[in-house]
Amino acid sequence: MNKKALIILFFILFVIICSSIVFANFIAREEKVPEKLDLSGTVSMQDSYVKLSTKDINNEQYVKIANASLDDLPLTDKQFDLSNVNVSAYKDNVNSLTEIVLLNDDMKVSLNGETGELISYLKKNSKCPKNTLSESVIKNKALELFNNFTESNEYELSFLEPFDDELYIAKFFKKYGEFTNPGERITLSFSPETSEIISFSKTSVPFANNEVKITEDKASEIAIQYMDDSSATDMTVSLEIVTPNYGLNKPLMNTFLYKNSNQTRLAYVFRFNNDAKTEIYIDCTTGTTIGTNGILGGEF
């Protein structure tokens, strides 16, 4: 795997981990979890992504599944062959799934071990020309590429930034009326100059579609208690779909990851003006504090 492929892979893993790590130095006042959310606590970084035995894995079965996925999605014209593929299995304890990873000299593909759904694709040994195109042209390229995967009117381009001089990262979130669900997203890294896709990932955490029953004023009364315990002096609020997590429980040590919920929820998101840029999620149906953003160090 060349240097760029390693960097892209590291970037993807870093984003996943940053969305789960919280080094907050406070204890939640509320520990109630609404409507049977699957939040079973924390796991150590060492145990967050554990390699499993491949003794009982049917390599031929997963090669067929991976090749079928590559046929369905316009990612590459290459296929896996049993003679030159390495198949591994991992337990992703943060997202509570088993991941099957197939690797050869050309690419890496990850599958959901239970459903067979493609989780991610990474092209190895990629060499792309330096980008010379304008932001508007790059945006149109991203939309054109995305249209090959699903109906674009169901998703919204929520993030488009350069990864380096050669590649751009685009994230598309599924739309629910005026809101977008970051739990149902497709992420692409691509060369604007050649329109080649270097990496692809898909997450499918469904939206609970919960109703707004708690007023913003009531939610503010809850959030301000957390702000009073922080170094912040002010906060803003917006209504957004978020992934509930255990970020408001005090970790035992700074190497713990908070497990994500198996569904996303509509919540009031309060953003503090402290150095850590703390965010607090208040469920708009129950008024329960259901999580916080990833805070990598810094004063709460």
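Author: Let's start with a yardstick: a residue is buried when its relative accessible area is under 20%, exposed when it is over 50%, and partly exposed in between. Please keep in mind that this is a predicted model.

Reader: Happy to. How many helices and strands are there in the chain?

Author: A little background on the chain helps here. There are 300 residues, and 48% of them count as buried. Looking at contacts between residues at least 6 apart in sequence, 60% join residues at least 24 apart. The chain that makes these contacts contains five helices and 15 strands.

Reader: Which residues have the most contacts inside the largest nonpolar core?

Author: In soluble globular proteins, nonpolar side chains tend to be buried together. Here the largest nonpolar core has 33 residues. Ranked by contacts inside that core, the residues at the top are F80, L102 and F200.

Reader: Let me zoom in on F80. Which residues does F80 touch, not counting those up to four places away in sequence?

Author: F80 is one of the residues with the most contacts inside the largest core. Once sequence neighbours up to four places away are set aside, the residues touched by F80 are V63, A66, N67, L70, V85, L102, L103, N104, M107 and V109.

Reader: How many residues are in the other core, which lies apart from the largest one?

Author: You can find this second core through A223, M235, I241 and I282, which are among its members. Its total comes to 17 residues.

Reader: On to cysteines, which always interest me at the bench. How many disulfides does a search of the whole structure find?

Author: Two cysteines are worth locating as you look. C128 is buried, at a relative accessible area of 8%, and C284 is buried too, at 0%. As for disulfides, the search of the whole structure gives a count of zero.

Reader: Now helix α3. Which of its residues are buried?

Author: Helix α3 has 14 residues, which should span 20 Å at 1.5 Å a residue, and its end C-alpha atoms are indeed 20 Å apart. Its buried residues are Y62, V63, A66, N67, S69 and L70. They cover an arc of only 155 degrees around the axis, so they sit on the same side of α3. To name them once more, the buried set is Y62, V63, A66, N67, S69 and L70.

Reader: And which residues of α3 are exposed on the other side?

Author: The buried residues of α3 are covered by elements that include β4 (97-103), β5 (107-112) and β6 (118-123). On the other side of the helix, the exposed residues are K64, D71 and D72.

Reader: Which strands do the buried residues of α4 pack against?

Author: Helix α4 (residues 135-146) reaches 16 Å from its first C-alpha to its last, close to the 16 Å expected. Its buried residues are I138, K141, A142, L145 and F146. Because these residues fall within an arc of 130 degrees seen down the axis, they line one face of the helix. They pack against β7 (155-162), β8 (168-176), β9 (179-190) and β10 (197-204).

Reader: Let's talk charges. How many salt bridges does a search of the whole structure find?

Author: Side chains of opposite charge can pair when their charged atoms come close. One example is a network that links E240, R271 and E279. Over the whole structure, the number of salt bridges found is eight.

Reader: How far apart are N and O in the salt bridge of K64 and E60?

Author: Both residues lie in helix α3 (residues 59-72), four residues apart, about one turn of the helix. K64 is exposed at 55% relative accessible area, while E60 is partly exposed at 41%. The N to O distance in their salt bridge is 3.7 Å.

Reader: What about K218 and E221: how far apart are their closest N and O atoms?

Author: This pair sits in helix α5 (residues 216-228), three residues apart, about one turn of the helix. K218 is partly exposed at 43%, and E221 is partly exposed at 48%. The closest N and O atoms of this salt bridge are separated by 3.9 Å.

Reader: One last pair. Is E184 buried or exposed?

Author: E184 forms a salt bridge with K174, with the closest N and O atoms 4.0 Å apart. The pair links distant parts of the chain, with K174 in strand β8 and E184 in strand β9, 10 residues apart. K174 is partly exposed at 23% relative accessibility. E184 has a value of 11%, so it counts as buried.

Methods:
Residues are numbered from 1 along each chain as its sequence is written. This is a predicted model: local features need pLDDT of at least 70, side-chain atom pairs count only at pLDDT 80 or more; totals for chains, interfaces and linings use all residues. Side-chain values use heavy atoms; hydrogens and water are left out. A nonpolar core is a set of buried Ala, Val, Leu, Ile, Met, Phe, Trp, Tyr and Cys residues joined through side-chain atoms within 4.5 Å. Buried means under 20% relative accessible area, exposed over 50%, partly exposed in between (1.4 Å probe, protein chains only). Contact means heavy atoms within 4.5 Å. A disulfide is a pair of cysteine sulfur atoms within 2.5 Å. Helices (H or I, at least four residues) and strands (E, at least two) are DSSP runs, numbered from the N terminus. The expected span of a helix is 1.5 Å times one less than its number of residues. The arc is that of the directions from the helix axis to the C-beta atoms. A salt bridge is a side-chain nitrogen of Lys or Arg within 4 Å of a carboxyl oxygen of Asp or Glu.
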